[in-house]
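Where does the ligand sit, and what surrounds it? This report takes up that matter, then turns to the sheet and the backbone.

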Amino acid sequence: MVLVNHIKGINLVTSATQINELEMSLSPEMEQSLCKDLSLTLAKFPKVRLGHLPTPLEPMDRLSEILGGPRLWVKRDDCTGLSSGGNKTRKLEFLMADAQSKGADTIITQGATQSNHARQTTAAAAKLGMECHILLEDRTGSNDNNYILNGNVLLDRLHGASVSKRSGGTDMNLEMQDFADALIEKGKKPYIIPGGGSNPIGALGYVNCARELTEQASEIGLKIDALVHATGSAGTQAGLVTGLAAIQSSIHLLGIGVRAPKDKQEQMVFDLAQKTADYLDTGIEIERDKVRAICDYVGAGYGLPTDGMIKAVKLLAQSEGLLFDPVYSGKGLDGLIDQIKKGYFAGMDNVVFLHTGGSAALFGYPETFELPGYAN
Ligand SMILES: Cc1ncc(COP(=O)(O)O)c(C=O)c1O
């Protein structure tokens with residue numbers, strides 16, 4: 001059965017199975033009041049200011065024209081300001097404040113070699129005068145010096161953190177605990193941040209982003225139909241799912257997976273969203289069908305380039321002057337572009353891509369973009 005819905009003057013043609021997603025939008029007053037309540041709830045948690053917030057929301061008109069789909073927008077979380085920016089900054093505002101409130105003097109975290117989370121954590125620790133230790137898991141097996149030493153790794157070390165390598169498949173949580181135990185023996189007070197900063201404390205950063213984006217769109221009279229972003233360790237999406245649920249938003253949220261298969265990714269996001277909602281303690285219900293991930297753009301594996309990612313990163317660099325990364329936001333964009341072509345967003349007017357940052361990793365992958373030499 002095909003139904004036609006009229007919501008705020010927009011015609012949406014959809015199948016009966018999709019009908020549940022087309023909820024009526026709240027009145028602006030109601031939306032404002034829910035956003036205010038969420039702000040007050042978030043204000044109860046310790047937070048340290050690290051980012052340039054709110055990040056800009058900008059149209060991508062050249063890209064929209066090239067793709068001929070809905071009008072595309074970009075939420076510039078690559079501009080959070082901390083050591084070239086990215087999504088971890090929002091999470092770290094809550095995580096570092098929690099570390100401080102527990103009397104920690106040292107931060108330990110882990111990630112893949114070109115981890116953006118590690119880079120932003122080293123910068124946050126530097127800014128707050130804390131020691132920082134980074135454990136890097138070799139998930140790609142690359143021997144390329146640029147991958148091992150340049151990009152995010154260069155910045156981790158510039159920020160004064162110690163960096164040490166672990167082989168792929170290592171139990172990184174156990175490694176961090178062992179590292180912390182050794183530091184405790186030396187009289188340190190370490191605080192462990194999980195990979196990607198993805199726990200209910202870190203996810204609060206993206207609960208807040210859901211509110212920020214909603215208020216920003218409302219200020220310019222924009223009705224956002226869908227929000228798309230790269231999803232990995234799940235904290236970004238879990239925070240957004242929880243924040244959008246808190247304000248009863250009708251925005252269709254879609255994660256593009258960069259590592260795990262769909263079932264596993266969605267389960268991770270759902271579990272963390274439920275924990276985040278519990279942590280907020282305001283009775284928010286997380287609906288399983290609001291957790292959506294498409295995980296068809298990973299290619300051969302996490303951190304391994306795909307043709308689609310390369311094309312997407314070049315397209316955005318050359319049509320919008322925007323830099324995306326090879327591991328996360330580039331694969332997320334590949335997913336966005338392909339799904340536009342396949343009609344996923346048919347009937348939608350405004351789709352926002354959350355730019356989660358990561359362009360520092362480009363310098364770990366210089367050969368990938370096959371740019372020939374230039375004349376002397
Ligand atoms: C640039 C970038 N985008 C997206 C993500 C995914 O965010 P999350 O791990 O919260 O799912 C990451 C995580 O490291 C990232 O660095």
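What follows covers the ligand site, the sheet and two backbone details of a predicted model.

**Ligand site**

The ligand occupies the largest pocket. Around the ligand stand 17 residues. Lys91, Gly232, Ser233, Thr236 and Thr356 come nearest. By class, the shell holds 11 polar residues, 3 nonpolar ones and 3 charged ones. Three elements each give the shell at least two residues: helix α3 (88-101), strand β9 (226-231) and helix α9 (235-246).

Polar atoms of the protein and the ligand meet in the pairs below.

| Residue | Protein atom | Ligand atom | Distance |
|---|---|---|---|
| Ser233 | N or O atom, side chain | oxygen | 2.5 Å |
| Thr356 | polar atom, side chain | nitrogen | 2.6 Å |
| Gly235 | polar atom, backbone | oxygen | 3.4 Å |

Ser233 and Thr356 also belong to the residues that come nearest to the ligand. Gly235 takes part through its backbone, whereas Ser233 uses its side chain. Thr356 likewise contributes a side-chain atom, here facing a ligand nitrogen.

How much of the ligand does the protein cover? On its own, the ligand has 390 Å² of accessible area, and the protein covers 98% of that.

**The sheet**

Strands of a sheet pair through backbone hydrogen bonds, in either a parallel or an antiparallel sense. Here 6 strands make up an open sheet with mixed pairing. Their order is β3-β4-β12-β9-β10-β11. Strands β3 (57-59) and β11 (293-294) form the edges, and each pairs on one side only. Strand β9 stands between β12 and β10 in that order; β9 also supplies at least two residues of the ligand shell.

At the β3 edge, the partner is β4 (residues 71-76). The two strands run antiparallel and share 3 bridges. Within this pair, Pro59 stands opposite Trp73 of β4.

**Backbone details**

Most peptide bonds are trans, and most residues other than glycine have a negative phi. Two places in this model depart from those habits.

The peptide bond between Leu53 and Pro54 is cis, with omega of about 0 degrees. Pro54 belongs to the loop that links helix α1 (28-42) to β3.

Which sign does phi take at Ser84? Phi is positive there, at about 75 degrees, although Ser84 is not a glycine. Ser84 lies in the loop between β4 and α3. Helix α3 in turn supplies at least two residues of the shell around the ligand.

Methods:
Residues are numbered from 1 along each chain as its sequence is written. This is a predicted model: local features need pLDDT of at least 70, side-chain atom pairs count only at pLDDT 80 or more; totals for chains, interfaces and linings use all residues. Side-chain values use heavy atoms; hydrogens and water are left out. A residue is near a molecule or strand if one of its heavy atoms lies within 4 Å of it. A polar contact is a pair of N or O atoms within 3.5 Å; within protein, one must be able to donate a hydrogen and the other to accept it, and residues adjacent in sequence count only if both atoms are side-chain atoms. Accessible areas come from the Shrake-Rupley method with a 1.4 Å probe; for residues, only the protein chains shown count as cover. On a 1 Å grid over the protein atoms alone, a cavity is a set of points where a 1.4 Å probe fits but cannot get out, and a pocket is an open set with protein on both sides within 12 Å along at least five of seven lines; lining residues have an atom within 4 Å of a point. A molecule sits in a cavity or pocket if more than half of its atoms lie within 2 Å of its grid points. Helices (H or I, at least four residues) and strands (E, at least two) are DSSP runs, numbered from the N terminus. Ala, Val, Leu, Ile, Met, Phe, Trp, Tyr, Cys and Pro count as nonpolar, Asp, Glu, Lys and Arg as charged, and the others, Gly among them, as polar. Two strands pair if DSSP finds at least two bridges between them.
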